[in-house]
Amino acid sequence: LEAARQRFLPALNLDRIGRIVRSLGDFARVNEVYGRYFPRDPPSRATVQVAALPRGARIEIDAVAVAD
């Protein structure tokens, strides 16, 4: 997974990341992990809390990439 992240993530040209969480209590942890994946020039991000996610998930992530 780490090798794939290093190879493909920079090439994606991500513009925005949406983070949907069940609890804003997870916000600090989500930001910590986000910082590891995007240590420099991170894409913009938004986080919203919802009552439930499919299959009991705690977080859902969507992304918008820009084509060159």
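**Exercise 1. Classify F38 as buried or exposed, then find what its ring pairs with.**

*Step 1.* F38 has a relative accessibility of 15%, so this residue counts as buried. The classes are buried under 20% relative accessible area, exposed over 50% and partly exposed in between, with a 1.4 Å probe and protein chains only.

*Step 2.* A search of the whole structure gives 1 aromatic pair. Rings of Phe, Tyr and Trp (its six-membered ring) pair if their centres lie within 6.5 Å; planes under 30 degrees apart are stacked, over 60 edge-to-face, and the rest tilted.

*Step 3.* The rings of Y34 and F38 have centres 4.8 Å apart and planes at 45 degrees, so the pair is tilted. Y34 is buried as well, at 7% relative accessibility.

*Step 4.* Y34 has another partner: the charged end of R19 sits over the ring of Y34, 5.0 Å from its centre. This label requires NZ of Lys or CZ of Arg within 6 Å of the ring centre and within 35 degrees of the ring normal.

A word on the source before we go on: this is a predicted model, in which local features need pLDDT of at least 70 and side-chain atom pairs count only at pLDDT 80 or more, while totals for chains, interfaces and linings use all residues. Residues are numbered from 1 along each chain as its sequence is written, and side-chain values use heavy atoms, with hydrogens and water left out.

**Exercise 2. Lay out the fold and state the handedness of the crossover.**

*Step 1.* Count the elements: the protein has 2 helices and 3 strands, following the pattern α-β-α-β-β along the sequence. Helices (H or I, at least four residues) and strands (E, at least two) are DSSP runs, numbered from the N terminus.

*Step 2.* Strands β1 and β2 pair in the parallel sense over 6 bridges; pairing asks for at least two DSSP bridges between two strands. Look for I17, which stands opposite R45 in β2.

*Step 3.* From β1 the chain crosses through α2 to β2, and this β-α-β crossover is right-handed. That is, with the strands pointing away from the viewer, the path from the first strand over the helix to the second runs clockwise.

**Exercise 3. Find the salt bridges and say which parts of the chain they link.**

*Step 1.* The search of the whole structure finds 3 salt bridges, each a side-chain nitrogen of Lys or Arg within 4 Å of a carboxyl oxygen of Asp or Glu.

*Step 2.* R16 and D62 meet at 3.5 Å, N to O. R16 lies in strand β1 (residues 14–21) and D62 in strand β3 (residues 59–65), so the bridge ties together parts 46 residues apart in sequence. R16 is partly exposed at 32%, and D62 is partly exposed at 32%.

*Step 3.* R58 and D26 meet at 2.9 Å, N to O. R58 sits in the loop between β2 (44–49) and β3, and D26 in the loop between β1 and α2 (27–37), 32 residues apart. R58 is exposed at 52%, whereas D26 is buried at 19%.

*Step 4.* R29 bridges to E32, with their closest N and O atoms 3.1 Å apart. Both residues lie in helix α2, 3 residues apart, about one turn of the helix. R29 is partly exposed at 48%, and E32 is partly exposed at 47%.

**Exercise 4. State what share of the protein is buried.**

*Solution.* Buried residues make up 21% of the 68 residues.
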